[in-house]
Amino acid sequence: MQDRDVICEFLIESHENLSRLDQELVELEKHPKDAELLASIFRTIHTIKGTCGFLAFSTLERISHQAESLLSQLRDGRRELTPSLVSLVLETVDATRKVLASIEAGGEEGPDRFEDLTERLRVAAQSTAVPESKSGPAVLPAPLAESVEGSAAAGPPECNKPEKDAAKSSAVADANIRVGVGLLDKLMDLVGNWR
């Protein structure tokens, strides 16, 4: 049960981070050299990679490791952001969501290993050109905001319900909030003084 709680927390946090990342990618399209945005996007992928290593989700760890290498180069100014790179990052986010959905549904990453994506990320990080997908060239969605419009609303999965209710995954976003410790202390003081 404790492992399930850890995995549930990972799923909730990952979906929250990916929703934020969606919005950051929209902003990055407008400001492709914004160091803070690039750093935040890097941290999101880095966090997912590290947690996957801890939880032994090797497919998602491999994808995020290769994406992290590429994002590190962008963050450090060693390469320019291009529409092909944005498309590759979006594909990485889509693959990440698919793996997270499989983990939620069955506790495992699922059968798709995303080897083509992982290899294209690896090659892209080692060169200045972005390799094409086996299904065709990478294309930047236009505008990028349209491509993330629905994904941000999807929200994290519902971890406390049976698998048959997993389709109602946005409920956990409404049922969970994150509050800073300082604000929580102030609220507790107010409640304590109110009595």
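Okay, a salt bridge here is a side-chain nitrogen of Lys or Arg within 4 Å of a carboxyl oxygen of Asp or Glu. Keep that in mind, and keep in mind too that we're looking at a predicted model.

So, how many salt bridges does the structure hold? There are 11 of them, and I'll walk you through a few.

Let's start in helix H5. Glutamate 119 and arginine 122 bring their side chains together in a salt bridge, at 2.4 Å from N to O. That falls within the 4 Å cut-off, so the pair counts. Where do these two sit? Both are in H5, which covers residues 115-126, and being 3 residues apart puts about one helical turn between them. The general point is that an α-helix has 3.6 residues a turn, so residues three or four places apart point the same way. As for solvent, glutamate 119 is partly exposed at 36% relative accessibility, and arginine 122 is partly exposed as well, at 29%.

Next up, a group of three. Arg75, Asp76 and Arg78 are joined into one network by salt bridges that share partners. One link I can give you a number for is aspartate 76 to arginine 78, where N to O is 3.4 Å. Buried or exposed, what is arginine 78? It's exposed, with a relative accessible area of 55%, while aspartate 76 comes out partly exposed at 42%.

While we're in that stretch, have a look at helix H3, residues 58-75. It has 18 residues, and at 1.5 Å a residue they should span 26 Å; the end C-alpha atoms are 25 Å apart, so that agrees. Plenty of names turn up on its buried list, including Leu60, Ile63, Leu70, Leu71 and Leu74. Some polar and charged names are on that list too, among them Thr59, Gln66, Glu68 and Gln73. After H3 comes glycine 77, and its phi is positive, near 75°.

Last one, over in helix H1. Which residue does glutamate 27 pair with? Its partner is lysine 30, and the closest N and O atoms are 3.5 Å apart. H1 runs over residues 2-30, and these two are 3 residues apart in it, so about one helical turn separates them. Glutamate 27 is partly exposed at 32% relative accessibility, whereas lysine 30 counts as exposed at 53%, because exposed means over 50%.

To recap the distances: 2.4 Å for glutamate 119 with arginine 122, 3.4 Å for aspartate 76 with arginine 78, and 3.5 Å for glutamate 27 with lysine 30. That's it from me.

Note on methods: Residues are numbered from 1 along each chain as its sequence is written. This is a predicted model: local features need pLDDT of at least 70, side-chain atom pairs count only at pLDDT 80 or more; totals for chains, interfaces and linings use all residues. Side-chain values use heavy atoms; hydrogens and water are left out. Helices (H or I, at least four residues) and strands (E, at least two) are DSSP runs, numbered from the N terminus. Buried means under 20% relative accessible area, exposed over 50%, partly exposed in between (1.4 Å probe, protein chains only). The expected span of a helix is 1.5 Å times one less than its number of residues.
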